[in-house]
Amino acid sequence: MKRILLLECSPHQQRASGSQLARRLIAARWPRAELLERDLVGEPLPPLGADYAAALTSSAALDDSAFACSEALIAELEASDCLIIVTPMHNFTVPAALKLWIDYVLRIHRSFAATPAGKVGLLQDRPTLVLVSAGGFYQGPRARQADFLTAYLRHVLSTLGIIEVAFVHLQGLAHGEASVQAALDDALPQLQRTTSFYFDCATEIAP
Ligand SMILES: Cc1cc2nc3c(=O)[nH]c(=O)nc-3n(C[C@H](O)[C@H](O)[C@H](O)COP(=O)(O)O)c2cc1C
């Protein structure tokens with residue numbers, strides 16, 4: 001494990017439960033890794049402009065200046081051996097900050113190709129962990145709402161070429177302190193399992 005790209009997507013930034021959990025995980029399992037942090041809320045990406053939209057839908061050169069932000073974000077992803085996305089669920093799906101990152105990174109002719117068989121990812125696969133935080137429940141026996149986040153994000157990542165993806169869900173965070181603790185208790189064994197399996201790393205994460 002050499003370089004980890006940590007994508008922070010919560011308005012609570014490093015105070016978010018998912019962010020704290022991710023940082024504990026990184027410290028325990030990859031203490032010597034180079035951590036590249038991309039805080040999509042603290043340092044918001046510029047809104048998509050007409051130049052980007054026009055370049056994307058024409059045959060603009062890869063080094064067209066309209067692609068500068070997109071190129072920088074894709075290069076950051078390409079330089080990572082491992083991707084960790086910490087995101088809340090907002091209105092059943094990804095928050096706007098993460099959607100904007102997707103709109104810059106998932107780019108035809110650059111990170112995916114449109115072929116007669118469908119869209120094919122052009123980036124190398126890499127172990128990816130997605131930590132999702134939600135106020136309510138969308139999986140399991142207490143689920144009372146739709147989940148348009150998990151399948152959507154898995155699809156986006158696979159369209160980039162990133163298939164090796166594990167999700168860990170922190171649910172019920174708006175149901176009081178006991179529920180937050182239960183979510184964290186539930187997440188720890190999920191993280192132990194998924195990181196051992198996907199990341200070939202078996203160090204214990206301190207509770
Ligand atoms: C704009 C907005 C929309 C939200 N939509 C949902 C939702 O659809 N389902 C849900 O369970 N919680 C929803 N929540 C609650 C958050 O998912 C919850 O507060 C979560 O703990 C936030 O995690 P964070 O601390 O990582 O930001 C929403 C919160 C906000 C601010």
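Modeller: In this text, helices and strands are DSSP runs numbered from the N terminus, a helix being H or I over at least four residues and a strand E over at least two. The model is predicted: local features need pLDDT of at least 70, side-chain atom pairs count only at pLDDT 80 or more, and totals for chains, interfaces and linings use all residues. Residues are numbered from 1 along each chain as its sequence is written, and side-chain values use heavy atoms, with hydrogens and water left out.

Colleague: Is Ser70 buried or exposed?

Modeller: Ser70 belongs to helix α3, which covers residues 68–78. A residue is buried under 20% relative accessible area, exposed over 50%, and partly exposed in between, with a 1.4 Å probe and protein chains only. Because its relative accessible area is 0%, Ser70 is buried.

Colleague: The side chain of Ser70 reaches the backbone oxygen of which residue?

Modeller: Contact means heavy atoms within 4.5 Å, and Ser70 touches Tyr52, Tyr104 and Arg107, not counting residues up to four places away in sequence. A polar contact is a pair of N or O atoms within 3.5 Å; within protein, one must be able to donate a hydrogen and the other to accept it, and residues adjacent in sequence count only if both atoms are side-chain atoms. At 2.6 Å, the side chain of Ser70 reaches the backbone oxygen of Tyr104.

Colleague: Which residue has its C-alpha atom separated by 6.4 Å from that of Leu73?

Modeller: Leu73 lies in helix α3 and counts as buried because its relative accessibility is 1%. Leaving aside neighbours within four places in sequence, its contacts are Arg38, Leu45, Trp101, Tyr104 and Val105. The C-alpha partner at 6.4 Å, 32 residues apart along the chain, is Val105.

Colleague: How far apart in space are Trp30 and Lys2, C-alpha to C-alpha?

Modeller: Trp30 is found in the loop between α1 and β2 (34–39). With a relative accessible area of 7%, Trp30 is buried. Trp30 and Lys2 are 28 residues apart in sequence, and their C-alpha atoms are separated by 8.4 Å.

Colleague: What volume does the largest pocket have?

Modeller: Pockets are sought on a 1 Å grid over the protein atoms alone: a cavity is a set of points where a 1.4 Å probe fits but cannot get out, a pocket is an open set with protein on both sides within 12 Å along at least five of seven lines, and lining residues have an atom within 4 Å of a point. Grid points are joined across faces, edges and corners, and a volume is the space filled by probe spheres set on the points. For the largest pocket, this gives about 220 Å³.

Colleague: Which element supplies the largest share of the lining of the largest pocket?

Modeller: The lining has 16 residues, and those closest to the centre of the pocket are Ser10, His12, Ala16, Ser133 and Leu173. Ala, Val, Leu, Ile, Met, Phe, Trp, Tyr, Cys and Pro count as nonpolar, Asp, Glu, Lys and Arg as charged, and the others, Gly among them, as polar; the lining divides into seven nonpolar, eight polar and one charged. Helix α1 (17–29) and strand β3 (82–88) each supply at least two residues. The largest share, three residues, comes from β3.

Colleague: Which helix gives the most to the lining of the second largest pocket?

Modeller: The second largest pocket has a volume of about 170 Å³. Its lining divides into three nonpolar, five polar and two charged residues, including Phe137, Arg142 and Asp186. Five of the lining residues come from the helix of residues 177–199, α6.

Colleague: How far is an oxygen atom of the ligand from an N or O atom in the side chain of Ser10?

Modeller: A residue is near a molecule if one of its heavy atoms lies within 4 Å of it. Of the 15 residues around the ligand, Ser10, His12, Asn91, Gly136 and Gln145 come nearest. The Ser10 side chain has an N or O atom whose distance from a ligand oxygen atom is 2.6 Å.

Colleague: What is the phi of Asn91?

Modeller: Asn91 lies in the loop between β3 and α4 (96–105), and it counts as exposed because its relative accessibility is 68%. A polar backbone atom of Asn91 is 2.8 Å from a nitrogen atom of the ligand. Most residues other than glycine have a negative phi. Although Asn91 is not a glycine, its phi is positive, at about 45 degrees.
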